[in-house]
Amino acid sequence: MSAPARAPLSTTPRFLAVGALVACALSACSPAADPAQGPTQRETGADTPPPAPQAASQPAADNCLLLVWQEQETRDERFDLAHDSADGGAISCATGTTASQFDRAFASIRAAAKARDKAAILDQTGLPLLYIDAEGNRKQLTAPEEIDATFSEVFDDDVLALLREVDLDALTVVPDEGAFVKLGSVWLVVDRDGGRPRIVTVNKQALGEAASAVREKAQAGGGTEAPAKSSE
């Protein structure tokens, strides 16, 4: 595997330092997620809908941003203030990093997926990586060699098609657990406050169910049916 070694990541880490959590709690920041609604349940499919957007007060979100910015050598304050809100709450409060960090990560992920650049995709992937196949079988990939050996299976055409389109508009955050796109098809977390998000879960079962939901919606509305597989 040609991607550089990184500190181990967890699919359900505590992202904010204790001080940040206390500050967010005192400021009515986004509430902690029910453990039953965390990634473990979401990764198994799309039966449980994503959390409804929660209205976080602007002062609370600003407090979280201030705490995160303190951990960053450079920052884009205007962008972060304008884009901190996502489905599920404030990005800074829920994930411990900023919208600009997600935006840069998504730009790199899109470019890597479009180029089918294996090394670049692996560079956007954290360890351990949880892989869930279309039947719901789970495999924890804990070493670079394991991801390298299963790369074509994990990052197949359907997953690459999703990664070519990811952006902030598709993001849902879960406090203290991370962020996901496409009903949990891909989860991202950071390994330190203010850090860059990396992919830690690829869930093909959720991706398949999301595609089925799109097809059913198109059929119900008389629109064009979405393809079951990527056209590439």
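A disulfide is here a pair of cysteine sulfur atoms within 2.5 Å, and the exercises below apply that cut-off, among others, to a predicted model.

**Exercise 1. The disulfide**

Task: Find how many disulfides the whole structure holds, state which cysteines are joined, and work out the handedness of the disulfide from the torsion about its S-S bond.

Solution:
- Step 1. Searching the whole structure gives 1 disulfide, and the residues that it joins are Cys-64 and Cys-93, with an S to S distance of 2.2 Å, which falls inside the limit of 2.5 Å.
- Step 2. The torsion about the S-S bond of Cys-64 and Cys-93 is about 100°, and the disulfide is therefore right-handed.
- Step 3. Cys-64 belongs to helix H3 (residues 58-69) and Cys-93 to helix H5 (residues 91-95), so that the pair, 29 residues apart, links distant parts of the chain.
- Step 4. To decide whether the two cysteines are covered, compare their values with the limit for a buried residue, which is under 20% relative accessible area: Cys-64 has 2% and is buried, and Cys-93, at 4%, counts as buried.

**Exercise 2. The sheet**

Task: Set out the order of the strands in the open sheet, identify the edge strands, and describe how strand S3 is joined to S4 and to S8.

Solution:
- Step 1. The open sheet is formed by 6 strands in the order S4-S3-S8-S7-S6-S5, with mixed pairing.
- Step 2. Strand S4 (138-141) and strand S5 (172-174) pair on one side only, and they are the edge strands; from one strand to the next, the twist averages 20°.
- Step 3. In general, the strands of a sheet pair through backbone hydrogen bonds, and they do so either parallel or antiparallel.
- Step 4. Strand S3 (residues 125-132) runs antiparallel to S4 and is joined to it by 4 bridges, with Leu-129 standing opposite Leu-141 in S4.
- Step 5. Between S3 and S8 there are also 4 bridges, but these two strands run parallel, and here Ile-132 stands opposite Asn-203 in S8.
- Step 6. The hairpin of S3 and S4 has 5 residues between the strands, and in this hairpin Gly-136 takes a positive phi near 90°.

**Exercise 3. The cover of strand S3**

Task: Establish how many of the 8 residues of S3 are buried, and which residues lie on each of its faces.

Solution:
- Step 1. Of the 8 residues of S3, 8 are buried, and the strand is described as mostly covered.
- Step 2. One side carries Thr-125, Leu-127, Leu-129 and Tyr-131, while the other carries Gly-126, Pro-128, Leu-130 and Ile-132; these residues are all buried, and both faces of S3 are thus covered.

**Exercise 4. Helix H6**

Task: Locate helix H6 with respect to the strands that it lies across, classify the ring pair of Phe-102 and Phe-106, and describe the surroundings of Ala-112.

Solution:
- Step 1. Helix H6 (residues 99-115) lies across strand S6 (178-181), strand S7 (186-189) and strand S8 (198-203), and it runs at about 130° to S7.
- Step 2. The count of aromatic pairs comes to 3, and one of them is formed by Phe-102 and Phe-106, whose ring centres are 6.0 Å apart and whose planes meet at 50°, so the pair is tilted.
- Step 3. Phe-102 and Phe-106 are separated by about one helical turn, because they are 4 residues apart in helix H6.
- Step 4. Phe-102 counts as buried at 1% relative accessibility, and Phe-106 counts as buried at 1% as well.
- Step 5. Ala-112 lies in helix H6 too and counts as buried at 4% relative accessibility; leaving aside residues up to four places away in sequence, Ala-112 touches Asp-117, Ala-120 and Ile-121.

**Exercise 5. The whole chain**

Task: Give the numbers of helices and strands in the chain, and state what share of its residues is buried.

Solution:
- Step 1. The chain has 11 helices and 8 strands, and 48% of its 232 residues are buried.
- Step 2. Among the contacts between residues at least 6 apart in sequence, 68% join residues at least 24 apart.
- Step 3. The accessible surface of the chain comes to about 10900 Å², and carbon and sulfur atoms account for 51% of that surface.

Definitions and conventions
Residues are numbered from 1 along each chain as its sequence is written. This is a predicted model: local features need pLDDT of at least 70, side-chain atom pairs count only at pLDDT 80 or more; totals for chains, interfaces and linings use all residues. Side-chain values use heavy atoms; hydrogens and water are left out. Two strands pair if DSSP finds at least two bridges between them. Axes are lines fitted to C-alpha atoms, for helices over the stretch in contact, and angles run from 0 to 180 degrees between N-to-C directions. Contact means heavy atoms within 4.5 Å. Buried means under 20% relative accessible area, exposed over 50%, partly exposed in between (1.4 Å probe, protein chains only). Rings of Phe, Tyr and Trp (its six-membered ring) pair if their centres lie within 6.5 Å; planes under 30 degrees apart count as stacked, over 60 as edge-to-face and the rest as tilted. Accessible areas come from the Shrake-Rupley method with a 1.4 Å probe; for residues, only the protein chains shown count as cover.
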